[in-house]
Amino acid sequence: MPVDVQSHINSVVVDDNIDMPGMFLFEMTDSGAREGETPLIDNLDLFSLGNVVEVKMGFADVLETLIIGEITGLEPEFVSDGPPSLTVRGYDRSPLLLRGRKTRTFVEQKDSQIIEKIASEAGLTAEVEDSQVLHPYVVQSNQTDMAFLQQRAKRIQYEIVIEDKTLFFRPVSNAESEVATLEMDDDLTEFYPR
């Protein structure tokens, strides 16, 4: 975002959950607005439904992408005793796999082949690790694609991860060592797990 827009951001929230679509929201106050004007809220170049948003976090030039998604909702707020504000909401691309329930069969295919097919139908690129076992017959029975994919992944201890327009199908990384160890009072002053 342009620097003059960034200065109006009050908060940013990214909610990334393995079993649910990744979600972001940011709240802004249009403190530069004058009577009858709402320049930030009316900026359709930045805040149109479907626009792509990438949220990064870090320090200085060392930033890591937390989520890439699309704007799915705009919530302007107008109050008589303060400046207008805008909440921008969006999701990663996993809702593409939540549209409608399907019943269909897959014959003589591996789970990795099934994942590639469903990802392609949703307009996603698949990065899969070969699941090796060929199944004579697999049924998707009145399920969303996401529920079906998660069920198949869980059966063989794989995970489904969507990053931008790429769907990853890979073994879970439970055997990996921890990335960081944080201790209360040494590294953290506050901690709110949920």
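How many of the seven residues of strand S5 are buried? In this predicted model, strand S5 spans residues 85-91 and is mostly covered, with five of its seven residues buried. That strand makes a convenient starting point for a walk through the sheets, the largest pocket and a few individual residues.

Strand S5 belongs to an open sheet of five strands, arranged in the order S1-S2-S5-S4-S3 with antiparallel pairing. The edges of this sheet are S1 and S3, each of which pairs on one side only. From one strand to the next, the twist averages 30°. On one flank of S5 lies strand S2 (residues 23-29), joined to S5 by seven bridges in an antiparallel arrangement. Within that pairing, Met-28 has Leu-86 of S5 as its bridge partner. The pairing of S4 with S5 also runs antiparallel and is made by seven bridges. Here Pro-76 stands opposite Leu-86 in S5. Leu-86 can thus be followed into both neighbours of S5: Met-28 is its bridge partner, and Pro-76 stands opposite it. As a general reminder, strands of a sheet pair through backbone hydrogen bonds, either parallel or antiparallel.

Val-12 offers a view from the edge of the five-stranded sheet. This residue lies in strand S1, an edge strand that pairs on one side only. How accessible is Val-12? Its relative accessibility is 47%, so Val-12 counts as partly exposed, given that the partly exposed class lies between 20% and 50%. Leaving aside residues up to four places away in sequence, Val-12 touches Leu-25, Phe-26 and Val-55. Val-12 and Thr-87 are separated by 75 residues in sequence, yet their C-alpha atoms are 9.7 Å apart in space.

A second open sheet has three strands in the order S7-S10-S9, and its pairing is mixed. Strand S7 (125-128) and S9 form the edges, each pairing on one side only. The twist in this sheet averages 20° from one strand to the next. Strands S9 and S10 (residues 166-171) run antiparallel and are joined by six bridges. One of the residue pairs in this ladder brings together Ile-162 and its bridge partner in S10, Leu-167. Helix H3 packs on the sheet and touches both S9 and S10, with its direction making about 140° with that of S9.

Helix H3 also contains Arg-152. Is this arginine buried or exposed? The relative accessible area of Arg-152 is 7%, so the residue is buried, the cut-off for that class being under 20%. Not counting residues up to four places away in sequence, Arg-152 touches Asp-111, His-135 and Val-138.

Turning to empty space, the largest pocket holds about 1,100 Å³. Its lining consists of 38 residues, and those nearest the pocket centre are Val-14, Val-55, Lys-56, Leu-66 and Ile-67. Val-55 has already appeared above as a contact of Val-12. Which elements supply the lining? At least two residues each come from strand S1 (9-15), strand S3 (52-59), strand S4 (62-77), helix H3 (145-155) and strand S9 (158-163). Contributors to the pocket therefore include S1, S3 and S4, which are strands of the five-stranded sheet, as well as S9, an edge strand of the three-stranded sheet. By residue class, the lining divides into 23 nonpolar, six polar and nine charged residues.

Finally, two residues deserve a look for their backbone geometry. Most residues other than glycine have a negative phi. Glu-108, which is not a glycine, has a positive phi of about 50°. Glu-108 lies in strand S6 (residues 102-110), and its relative accessibility of 47% is the reason it counts as partly exposed. Asp-164 likewise has a positive phi, near 55°, in a residue other than glycine. Where does Asp-164 sit? Its place is in the loop between S9 and S10, the two antiparallel strands joined by six bridges. With a relative accessibility of 30%, Asp-164 counts as partly exposed.

Terms used. Residues are numbered from 1 along each chain as its sequence is written. This is a predicted model: local features need pLDDT of at least 70, side-chain atom pairs count only at pLDDT 80 or more; totals for chains, interfaces and linings use all residues. Side-chain values use heavy atoms; hydrogens and water are left out. On a 1 Å grid over the protein atoms alone, a cavity is a set of points where a 1.4 Å probe fits but cannot get out, and a pocket is an open set with protein on both sides within 12 Å along at least five of seven lines; lining residues have an atom within 4 Å of a point. Grid points are joined across faces, edges and corners, and a volume is the space filled by probe spheres set on the points. Helices (H or I, at least four residues) and strands (E, at least two) are DSSP runs, numbered from the N terminus. Ala, Val, Leu, Ile, Met, Phe, Trp, Tyr, Cys and Pro count as nonpolar, Asp, Glu, Lys and Arg as charged, and the others, Gly among them, as polar. Two strands pair if DSSP finds at least two bridges between them. Axes are lines fitted to C-alpha atoms, for helices over the stretch in contact, and angles run from 0 to 180 degrees between N-to-C directions. Contact means heavy atoms within 4.5 Å. Buried means under 20% relative accessible area, exposed over 50%, partly exposed in between (1.4 Å probe, protein chains only).
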